[in-house]
Amino acid sequence: MSKLNRAWHEAHPMPPNPTLDQRIAWHLDHSAHCGCRPIPRLILEELARRGIEPPAPAA
Ligand SMILES: [Zn+2]
């Protein structure tokens, strides 16, 4: 499996001007399907604030 899951990305573009909730949802979904880039620190911090366990990155 390639590191960039091109099919997933084509099916799941980041919404334009995403809200924080949309960014969090996108990154959670992304990390489960594609490991092309890590979850940004801002998102990890917000997950921690909300008591959500960050997923292990897809290898
Ligand atoms: Zn990706």
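With angles of 103 to 113° among its four donor atoms, the zinc ion sits in a tetrahedral site, and this is a good place to begin a tour of what is a predicted model.

**Stop 1: the zinc ion**

Select the zinc ion together with His9, His30, Cys34 and Cys36, and you will see that the ion is coordinated by the NE2 atoms of His9 and His30 and by the SG atoms of Cys34 and Cys36, at 1.9 to 2.3 Å. The site counts as tetrahedral because four donors are given that name if all angles lie between 85 and 135 degrees. For comparison, the ideal angle for four tetrahedral donors is 109.5 degrees. If you now follow these donor residues along the sequence, you will find them spaced as H-x20-H-x3-C-x1-C.

Stay with the two cysteines for a moment, and switch on a surface display. Is cysteine 34 buried or exposed? Cysteine 34 has a relative accessible area of 1%, so it is buried, whereas cysteine 36, with a relative accessible area of 29%, is partly exposed.

**Stop 2: asparagine 5, beside the cysteines**

Next, select asparagine 5, which is found in the segment before H1. Although asparagine 5 and cysteine 36 are 31 residues apart along the chain, their C-alpha atoms are separated by 7.5 Å. Leaving out residues up to four places away in sequence, asparagine 5 touches His33 and Cys34, the second of which you have just met as a donor to the zinc ion. With a relative accessibility of 22%, asparagine 5 counts as partly exposed.

**Stop 3: the whole chain**

Zoom out and show the protein as a cartoon, where the secondary structure comes to three helices and zero strands, giving the pattern α-α-α when read along the sequence. The protein has 59 residues, of which 20% count as buried. The protein exposes about 4200 Å², and carbon and sulfur atoms supply 58% of that area. When contacts between residues at least 6 apart in sequence are considered, 39% of them join residues at least 24 apart.

**Stop 4: two tryptophans**

Now select tryptophan 8 and tryptophan 26, and turn the view until you can see both rings. A pair of aromatic rings is described by the distance of the centres and the angle of the planes. The structure holds one aromatic pair, and in it the rings of tryptophan 8 and tryptophan 26 have their centres 5.6 Å apart and their planes at 65°, so the pair is edge-to-face. This pair links distant parts of the chain, since tryptophan 8 belongs to helix H1 (residues 6-11) and tryptophan 26 to helix H2, 18 residues apart. Tryptophan 8 counts as buried at 6% relative accessibility, and tryptophan 26 is buried as well, with a relative accessible area of 8%.

**Stop 5: histidine 27**

Move on to histidine 27, which also lies in helix H2. With a relative accessible area of 3%, histidine 27 is buried. Which residues is histidine 27 in contact with, once its neighbours within four places in sequence are left aside? They are Met14, Arg37, Ile39, Pro40 and Ile43, and selecting them together with histidine 27 shows this group of contacts.

**Stop 6: the salt bridges**

Finally, select the charged side chains, among which the structure holds four salt bridges. Side chains of opposite charge can pair when their charged atoms come close.

Begin with arginine 50 and aspartate 21, which form a salt bridge whose closest N and O atoms are 2.8 Å apart. Here too distant parts of the chain are linked, for arginine 50 is in the segment after helix H3 (41-49) and aspartate 21 in helix H2 (residues 20-33), 29 residues apart. Both partners are partly exposed, arginine 50 at 40% relative accessibility and aspartate 21 at 48%.

Arginine 50 also meets the side chain of glutamate 46 in a salt bridge, at 2.8 Å from N to O, and glutamate 46 is buried, with a relative accessible area of 12%. If you add Arg49 to your selection, you will have the full network of salt bridges that links Asp21, Glu46, Arg49 and Arg50.

The last pair to select is glutamate 45 and arginine 41, whose closest N and O atoms are 3.0 Å apart in their salt bridge. These two residues are four apart in helix H3, which means that about one helical turn separates them. Glutamate 45 counts as partly exposed at 37% relative accessibility, while arginine 41, at 63%, counts as exposed.

Note on methods
Residues numbered from 1 in each chain as written. Predicted model: local features only at pLDDT ≥ 70, side-chain atom pairs only at ≥ 80, totals over all residues. Heavy atoms only, no water. Donors = N, O, S within 2.8 Å, 3.2 Å for Na, K, Ca; no water. Tetrahedral: all angles 85-135°; square planar, octahedral: opposite > 155°, others 65-115°. Buried < 20%, exposed > 50% of the residue type's maximum accessible area, 1.4 Å probe, protein only. Phe/Tyr/Trp six-rings, centres within 6.5 Å; stacked < 30°, edge-to-face > 60°. Contact = heavy atoms within 4.5 Å. Areas by Shrake-Rupley, 256 points an atom, 1.4 Å probe, with all protein chains shown as cover.
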